[in-house]
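Colleague: I would be grateful for a close look at a single part of this model. Please treat the packing and the polar contacts there in one connected account.

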Amino acid sequence: MNTGSNKSGEVAVAEDRTGTDDEVVAARALGSRAPEFVRARRALHLSWQVGVFIVGLAVVMAGIAMLVLPGPGWVVIFGGMAIWATEFVWAQLVLRWTKRKVTEAAQRALDPKVRRRNIILTAVGVAIVAVLAGIYLYEFGLEMPWKIKDQ
């Protein structure tokens, strides 16, 4: 066995015993998920990281394009972040923060008061759109605005 990995394993065990189970899982998940033979060779690991970065960048850029084009832009962006998170600690931390915020927002959305408010706001919005559509139809009929002649 390699003594370097053995020492780091001992340090990790000592750190694991000091924190809670959630902290232990969080501490273990940080860092590169490249195979051991890749991490053992610096040049190979660096090229692995460059490859992961390029693939993640391509996915994130596609997601950014989908924000203005048809497609699930935010889902693709977070997919690119997940690709980066397989190799980079900063992306892992961003994804954890995002997951925590999304979970908190989902819990708030399930609150009965918030749901009632959202339903009321949606109903008011639909009523306003229906009134505006009715006024338009009463005034112009089924003709499109670009076909309306000067009146």
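The reply below concerns the junction of H5 and H6 and the loop between them.

Modeller: This is a predicted model, in which local features need pLDDT of at least 70 and side-chain atom pairs count only at pLDDT 80 or more, while totals for chains, interfaces and linings use all residues. Residues are numbered from 1 along each chain as its sequence is written, and side-chain values use heavy atoms, with hydrogens and water left out.

I begin with the helix pair. H5 and H6 pack at an angle of about 135°, and their axes are 7 Å apart; H5 is therefore oblique to H6. Helices here are DSSP runs of H or I with at least four residues, strands are E runs of at least two, and both are numbered from the N terminus. Axes are lines fitted to C-alpha atoms, for helices over the stretch in contact, with angles from 0 to 180 degrees between N-to-C directions. Oblique covers what remains after roughly parallel (under 35 degrees), roughly antiparallel (over 145) and roughly perpendicular (65 to 115). From H5, Phe 78, Met 81, Ala 82, Trp 84 and Ala 85 meet residues of H6 including Trp 90, Ala 91 and Leu 95; contact means heavy atoms within 4.5 Å.

The largest nonpolar core draws on this region. Its 8 residues are Val 52, Val 60, Met 81, Trp 84, Ala 85, Phe 88, Ala 91 and Leu 95. Such a core is a set of buried Ala, Val, Leu, Ile, Met, Phe, Trp, Tyr and Cys residues joined through side-chain atoms within 4.5 Å. Buried means under 20% relative accessible area, exposed over 50% and partly exposed in between, with a 1.4 Å probe and protein chains only. Helices H4 (42–68), H5 (73–85) and H6 (89–109) each give two or more residues to this core, and H5 gives the most, with 3. Not counting residues up to four places away in sequence, Trp 84 touches Val 52, Phe 53, Gly 56, Leu 57, Val 60, Trp 90 and Ala 91.

The loop between H5 and H6 holds Glu 87, which is buried at a relative accessible area of 4%. A polar contact of 2.8 Å joins its side chain to that of His 45; such a contact is a pair of N or O atoms within 3.5 Å, and within protein one must be able to donate a hydrogen and the other to accept it, while residues adjacent in sequence count only if both atoms are side-chain atoms. His 45 is found in helix H4 and is also buried, at 16%. Leaving aside neighbours within four places in sequence, Glu 87 contacts Val 52 among others.
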